[in-house]
Amino acid sequence: MIDLHIHTTYSDGQYAPAKTLQLAKQSGVTVAAITDHDTVSGLGEAETAAQKLGLQFFPGIEISVQNRTELHILGYGIDRTNQALHRFCQNHAKERQERSTRLLAYLEKCGAPVTLEEVRQYNHGKTSGRPHFARALVEKGYASSIQDAFDRYLTTPEFYAHVERPKPTPEEGIAVIRQAGGVAVLAHPHQLRLENAELDALVGKLCAQGLQGIEAYYSRHTPEQTRFYLQLAEKHHLLVTCGSDFHGPQIKPEILPGTGIGRSLCIENREIPKYLQEAIAAAQSGRNT
Ligand code: AMP
Ligand code: ZN
Ligand code: FE
Ligand code: FE
């Protein structure tokens with residue numbers, strides 16, 4: 001079983017890298033990538049744990065970028081000591097911290113005040129993401145579920161206009177991944193909520209900026225969506241990847257590592273890691289010549 005999209009406590013996942021990979025292995029995963037939001041800080045720990053568990057491991061990252069709407073770019077095989085990537089992540093962390101301050105003030109104005117201490121209970125001292133705020137809002141009775149907290153407070157026009165942090169462009173996100181010797185892949189295309197023709201056009205544009213793959217297999221994709229994303233991959237000569245987006249039961253209760261939602265992710269494509277490995281090797285030899 002292959003799972004190339006997994007989060008840990010280094011971003012908004014519930015478990016530390018070693019525990020996360022242990023759970024993945026217990027679910028039957030044999031090939032894994034850790035892809036925390038905008039950070040490579042957990043990758044050393046993850047690599048050591050993967051070795052001990054006998055898992056094939058890809059170092060990864062998931063970068064949030066913005067054109068008209070937000071989109072996520074996964075990077076695989078990145079050199080986690082790369083200076084440009086490091087600066088990029090530091091900047092993201094700073095913007096995220098400043099967003100936390102604005103978000104606290106905004107929630108107070110909405111009549112749903114939470115404190116940073118309450119939020120930090122759920123993020124184990126690392127960066128604060130929206131899921132941590134959502135969890136605190138639920139615990140304090142301001143929302144009935146994580147999804148309700150997102151709908152009421154964390155995805156509103158007001159949130160995006162006045163609270164959300166500035167994000168790099170897709171071109172900048174793709175460039176920093178490639179500069180660090182990585183392969184850039186469009187995450188969960190369904191989340192863009194685009195018509196097929198619009199997505200096709202966007203993918204064409206991203207390819208011209210250096211995109212190399214698409215996460216066609218994803219926990220929340222319907223079989224029809226997956227088929228369309230596989231067609232897009234073929235048309236644009238993109239690699240295909242597969243990921244659950246596991247965060248742990250407190251954050252995304254319905255998603256299990258390796259299998260997704262109710263086994264939505266059980267695929268038998270043994271070639272995915274091989275093609276990804278080849279693309280990473282090509283990226284790195286290209287960078288060194
Ligand atoms: P952040 O990077 O802090 O802005 O938060 C991103 C996280 O929030 C990711 O794990 C997303 O999956 C999650 N997220 C974004 N939008 C929603 C939504 N509408 N419902 C639930 N989770 C969401
Ligand atoms: Zn997340
Ligand atoms: Fe994402
Ligand atoms: Fe993710």
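This briefing walks through the metal sites and the ligand 1 pocket of a predicted model. The zinc ion (ligand 2) and the iron ion (ligand 4) sit 4.6 Å apart, and ligand 1 is surrounded by 13 residues. Residues are numbered from 1 along each chain as its sequence is written, while chains are lettered from A and ligands numbered from 1 in the order in which they are written. Local features need pLDDT of at least 70, side-chain atom pairs count only at pLDDT 80 or more, and totals for chains, interfaces and linings use all residues, with side-chain values based on heavy atoms and hydrogens and water left out.

**Zinc site**
- The zinc ion (ligand 2) is held by two OD contacts from Asp12 plus NE2 of His37 and NE2 of His247, at 2.0 to 2.4 Å; donors here are N, O and S atoms within 2.8 Å of the metal (3.2 Å for Na, K and Ca), and water is not among the atoms, so sites may look incomplete.
- Along the chain, the zinc donors read D-x24-H-x209-H.
- The His37 and His247 pair ties together distant parts of the chain, 210 residues apart: His37 is in the loop between β2 (31-34) and α2 (43-53), and His247 is in the loop between β7 (239-243) and α11 (272-288). Helices (H or I, at least four residues) and strands (E, at least two) are DSSP runs, numbered from the N terminus.
- His37 is buried at 13% relative accessible area, and His247 is buried at 2%; buried means under 20%, exposed over 50% and partly exposed in between (1.4 Å probe, protein chains only).

**Iron site**
- The iron ion (ligand 4) takes its donors from His5 (NE2), His7 (NE2), Glu62 (OE) and Asp245 (OD), at 2.1 to 2.2 Å.
- Their spacing in sequence is H-x1-H-x54-E-x182-D.
- His5 is buried at 0% relative accessibility, and His7 is buried at 1%.

**Ligand 1**
- The closest residues to ligand 1 are Arg96, Arg99, Arg130, His247 and Lys252, where near means a heavy atom within 4 Å.
- Polar contacts (pairs of N or O atoms within 3.5 Å; within protein, one must be able to donate a hydrogen and the other to accept it, and residues adjacent in sequence count only if both atoms are side-chain atoms) include one from the Gln147 side chain to a nitrogen atom of ligand 1, at 3.2 Å.
- Oxygen atoms of ligand 1 pair up with the side chains of Arg165 at 3.4 Å and His247 at 3.2 Å.
- The protein covers 85% of the 500 Å² of accessible area that ligand 1 has on its own, by the Shrake-Rupley method with a 1.4 Å probe; for residues, only the protein chains shown count as cover.
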